[in-house]
Structure formats: C-alpha cells, structure tokens
Amino acid sequence: MPSYNQKEINESKRIGARPHKNSGRGMVEKGDGSNSLCVIDYKFANRSFTINQDKWAKICSDTIKTDPDKYPMLLLILGEDGHPQTRLAVIEYALFQELLDEHDRIDQEKQ
C-alpha cells in the first residue's frame, strides 16, 4: 500500500497537477498540489468524508497563501486501495459558473 504522500503524488500525476513538496508541514506552498486553475487538497477515505465550513475555510485560506489567483479545490478519493474508487472534485460556485459559461460559449461557436 502506498504511503499517503505517494498517494498524493499519484493523484497529482493522474490529473496533470504539480505536487507540492512537504505540503501541510509549515511550508509556504500550502495545499497538496496545483494546476493552472486550482490549488488542490487531496483527501482519501474508505467510505465517507465530512466537509464543513471550517474544513472548506482551511482549503480556501491555504489557496490564498499559495496563489491568490487560483481557485480552491478538494479532490476527494473514496474507496479502499486496490478496489474501485470514486473521485469527486469540490469547487466553489464561482468556478462552476465559469465552467458553465465557457461551455455555453463553445456551444454558441459551434452553431
């Protein structure tokens, strides 16, 4: 079974993100990884994970400290190692709206 750090590295590779070295250990670069759009925090859980305002606020503050021009994202990986897993991306509504607007723009160009 890979270590937690190796799991974060593997997930970063899977989505084309850059892992952050020693994330969460007093480093300037907070979050577990980032891509051109988001600072990403990975959470692994066998069956469930609780998200609340305090957890989301921590993810947001880590994003601001790392790169205030990026969006916060929680990438939640549910399921045991070696079994099928479910991956969920939790993003703020503003990013979701941007994605919808871009999708609508592309649809309009096709017509």
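Buried means under 20% relative accessible area and exposed means over 50%, with partly exposed in between. Lys58, at a relative accessible area of 48%, is therefore partly exposed. The model is predicted. The protein chain has 111 residues, of which 31% count as buried, and it contains three helices and five strands. The points below cover the overall layout, the aromatic pairs, the lysines over rings, a nonpolar surface patch and the salt bridges.

**Overall layout**

- Read from the N terminus, the order of elements in the protein chain is α-β-β-β-α-β-β-α.
- Along the principal axes, the C-alpha atoms of the protein chain occupy a box of roughly 50 × 35 × 25 Å.
- Contacts between residues at least 6 apart in sequence include 50% that join residues at least 24 apart.
- About 7,500 Å² of the protein chain is exposed, and 53% of this area comes from carbon and sulfur atoms.

**Aromatic pairs**

- Two aromatic pairs are present in the structure.
- One of them joins Tyr4 and Phe44: the ring centres are 5.1 Å apart and the planes stand at 85°, so the pair is edge-to-face. The angle meets the cut-off of over 60 degrees for that class.
- This pair links distant parts of the chain, since Tyr4 belongs to helix α1 (residues 4-15) and Phe44 to strand β3 (residues 38-45), 40 residues apart.
- Tyr4 has a relative accessible area of 38% and so is partly exposed. Phe44 has a relative accessible area of 19% and is therefore buried, because the limit for buried is under 20%.
- Tyr93 and Phe96 also pair, with ring centres 5.7 Å apart and planes at 55°, so this pair is tilted.
- Tyr93 and Phe96 are both in helix α3 (residues 93-110), three residues apart, which is about one turn of the helix.
- With a relative accessible area of 58%, Tyr93 is exposed, whereas Phe96 at 37% is partly exposed.

**Lysines over rings**

- Lys7 sits over the face of Phe44, 5.2 Å from the ring centre. Phe44 is also the partner of Tyr4 in the edge-to-face pair.
- Lys55 sits over the face of Phe49, 4.5 Å from the ring centre.

**Nonpolar surface patch**

- Tyr93, Phe96 and Leu100 make a nonpolar surface patch of about 310 Å².
- Two of these residues, Tyr93 and Phe96, form the tilted ring pair.
- Patch residues need over 30% relative accessible area; Tyr93 has 58% and Phe96 has 37%.

**Salt bridges**

- Nine salt bridges are found in a search of the whole structure.
- Among them is the bridge between the side chains of Lys58 and Asp62, at 2.8 Å from N to O.
- Lys58 and Asp62 are four residues apart in helix α2 (residues 53-66), so about one helical turn separates them.
- The two ends of this bridge differ in exposure class: Lys58 is partly exposed at 48%, and Asp62 is buried at 9% relative accessible area.
- In helix α3, the side chain of Arg105 takes part in a salt bridge with Glu102 (2.4 Å, N to O) and in another with Glu109 (2.3 Å, N to O).
- Arg105 and Glu102 are three residues apart in helix α3 and so are separated by about one helical turn. Glu109 and Arg105, four residues apart in helix α3, are likewise about one turn of the helix apart.
- Arg105 is partly exposed, with a relative accessible area of 38%, and Glu102 is partly exposed at 35%. Glu109 has 55% relative accessibility and therefore counts as exposed, as the class begins over 50%.
- Glu11, Arg14 and Arg87 are joined in a network of salt bridges.

Technical notes
Residues numbered from 1 in each chain as written. Predicted model: local features only at pLDDT ≥ 70, side-chain atom pairs only at ≥ 80, totals over all residues. Heavy atoms only, no water. Phe/Tyr/Trp six-rings, centres within 6.5 Å; stacked < 30°, edge-to-face > 60°. Helix = DSSP H or I, 4+ residues; strand = E, 2+ residues; numbered from the N terminus. Buried < 20%, exposed > 50% of the residue type's maximum accessible area, 1.4 Å probe, protein only. Lys NZ or Arg CZ within 6 Å of the ring centre and 35° of its normal. Patch = residues over 30% accessible without salt bridge, like charges linked within 9 Å, V, L, I, M, F, W, Y side chains within 5 Å. Areas by Shrake-Rupley, 256 points an atom, 1.4 Å probe, with all protein chains shown as cover. Salt bridge = Lys/Arg side-chain N within 4 Å of Asp/Glu carboxyl O. Contact = heavy atoms within 4.5 Å.
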